[in-house]
Amino acid sequence: MTIYSLYIYDRHCTCVYYQDWHRTRRPKPAVEGGILPAVSQAVVAPPPESNNSTLAPYSSPRNTLTSASGVVVAVSEINAQSTASPLLQAPPSPIGVTSTGLAFDEEVKLVYGVVLSLRNMIKKLSGRDEQFVNYRTSAYKLHLFETLSGYKFVMLSDPGTESLRFVLRQIYVGPFLEYVVRNPLITMDSKEYGIDNEYFRASVDRMIRGSSFFP
């Protein structure tokens, strides 16, 4: 049983967070302006070359905690590369990992489109009280957890994995509420930024790697 990736969408149908673990085919970086800042460093296109070579390719304006001191800080500009957190740097491409040939901004639209279409179909066929929680193909299984505020947590895993709805709920009631909802420096539903920050990403990573679904 293997977990591949996690997507979080807000109530505006926009992907505000992405993280993956065991993908053998990664999407191409999103086109410039294709996704919000602070979604995932691994899937954003590098900016045009700058005269200042000390600037990092990307820095989330939603960094809210310094790993050294734990002091809450507001960061509204690009940080120097020397101070950028390793968790927010683009990870090196693993050996043997190929590309899907699809840009990330197109991928997130397809994932959301599938979720929305199946959810609407189920409600029309089975009634409004019926919930869509997962579906399975020969290559993967998609799991969905939706909050009352309209956030959708979508996880992809291998086809043989049991329901991961409880894992998505744990992410919501744990790291999401702690490092996103209760974070005074993150504006929910801003339509301008995602929710990626160092402590949220690290906490989600620890939760997934510590679960029985992580090989």
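Trainee: Which residue follows helix 1, and what is the sign of its phi?

Mentor: Gly-127 comes directly after helix 1, and its phi is positive, near 105°. Helices here are DSSP runs of H or I with at least four residues, strands are runs of E with at least two, and both are numbered from the N terminus. The model is predicted, so local features need pLDDT of at least 70 and side-chain atom pairs count only at pLDDT 80 or more, while totals for chains, interfaces and linings use all residues. Residues are numbered from 1 along each chain as its sequence is written, and side-chain values use heavy atoms, with hydrogens and water left out.

Trainee: How many residues does helix 1 have, and what should they span?

Mentor: The expected span is 1.5 Å times one less than the number of residues. Helix 1 holds 23 residues (104-126), which should span 33 Å; the C-alpha atoms at its ends are 33 Å apart, so the two values agree.

Trainee: Which residues of helix 1 are buried?

Mentor: Buried means under 20% relative accessible area, exposed means over 50%, and partly exposed lies in between, with a 1.4 Å probe and protein chains only. In helix 1 the buried residues are Phe-104, Asp-105, Glu-107, Val-108, Val-111, Tyr-112, Val-115 and Arg-119.

Trainee: What volume does the largest pocket have, and which residues lie nearest its centre?

Mentor: The search uses a 1 Å grid over the protein atoms alone; a pocket is an open set of points with protein on both sides within 12 Å along at least five of seven lines, a cavity is a set where a 1.4 Å probe fits but cannot get out, and lining residues have an atom within 4 Å of a point. Points are joined across faces, edges and corners, and the volume is the space filled by probe spheres set on them. The largest pocket has a volume of about 470 Å³. Its lining has 18 residues, with Tyr-7, Arg-23, Glu-107, Tyr-140 and Leu-156 nearest the centre. Strand 1 (3-9), strand 4 (98-103) and helix 1 are the elements that each give two or more residues to this lining. Helix 1 supplies the largest share, four residues. Of the nearest residues, Glu-107 is also among the buried residues of helix 1.

Trainee: How does the lining of the largest pocket divide by class?

Mentor: Ala, Val, Leu, Ile, Met, Phe, Trp, Tyr, Cys and Pro count as nonpolar, Asp, Glu, Lys and Arg as charged, and the others, Gly among them, as polar. The lining of the largest pocket has 11 nonpolar, four polar and three charged residues.

Trainee: Which way does strand 1 run relative to strand 7, and how many bridges join them?

Mentor: Two strands pair if DSSP finds at least two bridges between them. Strand 1 and strand 7 run antiparallel and are joined by six bridges. Within strand 1, Ser-5 stands opposite Leu-156 of strand 7.

Trainee: Is Ser-5 buried or exposed, and what does it touch?

Mentor: Ser-5 is buried, because its relative accessible area is 1%. Contact means heavy atoms within 4.5 Å. Leaving out residues up to four places away in sequence, Ser-5 touches Tyr-18, Gln-19, Asp-20, Trp-21, Arg-23, Val-154, Met-155 and Leu-156.

Trainee: Where is Tyr-4, and what are its contacts?

Mentor: Tyr-4 is also in strand 1, but its relative accessibility of 23% makes it partly exposed. With the same residues left out, up to four places away in sequence, Tyr-4 touches Asp-20, Trp-21, His-22, Arg-23, Ala-139, Tyr-140, Leu-156, Ser-157 and Asp-158. The C-alpha atoms of Tyr-4 and Lys-141 are 9.6 Å apart, although 137 residues separate them along the chain.

Trainee: What pairs with strand 7 besides strand 1, and how many of its residues are buried?

Mentor: Strand 6 (residues 141-146) runs antiparallel to strand 7, with six bridges between them. Lys-141 has Ser-157 as its bridge partner. The two strands form a hairpin with five residues between them, and Gly-150 in the turn has a positive phi of about 95°. Six of the six residues of strand 7 (residues 152-157) are buried, so this strand is largely enclosed by the rest of the structure. Lys-152, Val-154 and Leu-156 cover one side, and Phe-153, Met-155 and Ser-157 the other.

Trainee: Which residues other than glycine have a positive phi in the loop between helix 2 and helix 3?

Mentor: Most residues other than glycine have a negative phi. Asp-189 has a phi near 55° and lies in the loop between helix 2 (165-181) and helix 3 (198-209). Lys-191, in that loop too, has a positive phi of about 65°. Asp-189 is partly exposed at 24%, whereas Lys-191 is exposed at 57%.

Trainee: How many cavities of 30 Å³ or more are found?

Mentor: One is found in the whole structure. The largest cavity holds about 60 Å³ of space. Asp-189 is among the residues nearest its centre, with Thr-187, Ser-190, Tyr-193 and Ile-195, in a lining of 12 residues. That lining has six nonpolar, three polar and three charged residues.
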